[in-house]
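Biologist: Please guide a first-year student through this structure by question and answer. Which features should we discuss?

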Amino acid sequence: MNFSAEFPFSKIFLYIDSNIETIEHQNIKSFLEERTGVEVYVKNDFLRDKYRDGLAKKLAKTKVRNKRKRKFKEPLPKEIELENEIILENKELLGIIYDGHRLVKLYRKLLDQKEKRDHTIMITKRLIGTLEKNESRYHIRTVINTIPSVISVSGIVEGPAKPRKYYFADENEKENVLDFGPMQHSDERMESAVKSYLLQTIFWRLEGDPFCDKQGCCLYNSHWQKEVIRNQVDGELCEEHEEILDKFKKEDSV
Ligand SMILES: [Zn+2]
């Protein structure tokens, strides 16, 4: 057995928020199983599944309060109540951004042992932002590659930027200034995009690097909407990454 080509996990636990209407659970499960040869367990709503006293408050403490600073504060009772309603009753989110580092730390504490050891991924509608030391403001993220990994469908829409001319155009001309359709919240292309980000989380676990610098490879680190369409929606794994995944898959199923 070639040890270097063995998957570092034997199962994938996938939690999908049930308020996401653009992806079909069965399609995602079959896609991941087909690509990895690893069994995938799908569940709904991670936070509802792991619900316990005090969770809503902890979640509210991860809210971004200032887009230029990593400063947090004690949430108001009303904010805690709102988080509870979002978790337990699927209440619609109202533009809240959560700090990615704090959020995954909270999620990690809720994982059981096997979810920590294997590969756990959440697909959520929550908007997640991170502010790194070399950045002046929070950036909305499409995916956070950590344990667990988190993919934000709202982040796929709002994170990667549209061309500059879009932001400068008059409101009623915005639709006409672009020669392509950027991702929308109810986009039928969302499932394809999510599949690409799922593969990024897999490559992060396999190689410590989720990205590829080749345009057209679905692991490309897209910063613009046009790149998301080209790489995550229409792209596939490049030959090199296809080979790597193949090697892992074959070794694993021997
Ligand atoms: Zn590649």
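Biologist: Is Glu85 buried, partly exposed or exposed in this model?

Modeller: The model is a predicted one. Buried means under 20% relative accessible area and exposed means over 50%. Glu85 has a relative accessibility of 21%, so the residue counts as partly exposed.

Biologist: With which residue does Glu85 form a salt bridge?

Modeller: Side chains of opposite charge can pair when their charged atoms come close. For Glu85, the closest N and O atoms of the pair are 3.3 Å apart, and a salt bridge requires a distance within 4 Å. The partner has a relative accessible area of 36% and is partly exposed. The partner of Glu85 is Lys91.

Biologist: How many residues apart are Lys214 and Glu240, whose side chains meet in a salt bridge?

Modeller: In this salt bridge the N to O distance is 3.0 Å. The pair links distant parts of the chain, since Lys214 lies in the loop between H9 and helix H10, and Glu240 lies in helix H11. The two residues are 26 residues apart.

Biologist: What is the relative accessibility of Glu240?

Modeller: Lys214, the partner of Glu240, counts as partly exposed at 37%. Glu240 also falls between the limits of 20% and 50%, so Glu240 is partly exposed too. The value for Glu240 is 45%.

Biologist: Which residues are joined into one network by salt bridges that share partners?

Modeller: A search of the whole structure finds 18 salt bridges. Some of these share partners and form one network. The network consists of Lys57, Lys61 and Glu74.

Biologist: Let us turn to the aromatic rings. What is the angle between the planes of Phe7 and Phe248?

Modeller: A pair of aromatic rings is described by the distance of the centres and the angle of the planes. The search finds 6 aromatic pairs. Phe7 and Phe248 form one that is tilted, with 5.5 Å from centre to centre. The angle between their planes is 50°.

Biologist: How many residues apart are Phe7 and Phe248?

Modeller: Phe7 belongs to the segment before strand E1, while Phe248 belongs to helix H11. Phe7 is buried, with a relative accessible area of 5%, and Phe248 is buried at 8%. This pair links distant parts of the chain, 241 residues apart.

Biologist: Is the pair of Phe13 and Tyr41 stacked, tilted or edge-to-face?

Modeller: The ring centres of Phe13 and Tyr41 are 5.6 Å apart, with 25° between the planes. Phe13 lies in strand E1 and Tyr41 in strand E2, so the pair ties together parts that are 28 residues apart in sequence. Planes under 30 degrees apart meet the cut-off, so the pair counts as stacked.

Biologist: Over the ring of which residue does the charged end of Arg102 sit?

Modeller: The charged end of Arg102 is 3.8 Å from the centre of the ring. The ring is that of Phe72.

Biologist: Finally, which element gives the most residues to the lining of the largest pocket?

Modeller: The largest pocket holds about 740 Å³ of space. Among the 29 residues lining this pocket, the closest to its centre are His139, Ile140, Arg141, Gly159 and Pro160. Strand E6, helix H7 and helix H9 each give two or more residues to the lining. With 3 residues, the element that gives the most is H9.

Methods
Residues are numbered from 1 along each chain as its sequence is written. This is a predicted model: local features need pLDDT of at least 70, side-chain atom pairs count only at pLDDT 80 or more; totals for chains, interfaces and linings use all residues. Side-chain values use heavy atoms; hydrogens and water are left out. On a 1 Å grid over the protein atoms alone, a cavity is a set of points where a 1.4 Å probe fits but cannot get out, and a pocket is an open set with protein on both sides within 12 Å along at least five of seven lines; lining residues have an atom within 4 Å of a point. Grid points are joined across faces, edges and corners, and a volume is the space filled by probe spheres set on the points. Helices (H or I, at least four residues) and strands (E, at least two) are DSSP runs, numbered from the N terminus. Buried means under 20% relative accessible area, exposed over 50%, partly exposed in between (1.4 Å probe, protein chains only). Rings of Phe, Tyr and Trp (its six-membered ring) pair if their centres lie within 6.5 Å; planes under 30 degrees apart count as stacked, over 60 as edge-to-face and the rest as tilted. A charge sits over a ring if NZ of Lys or CZ of Arg is within 6 Å of the ring centre and within 35 degrees of the ring normal.
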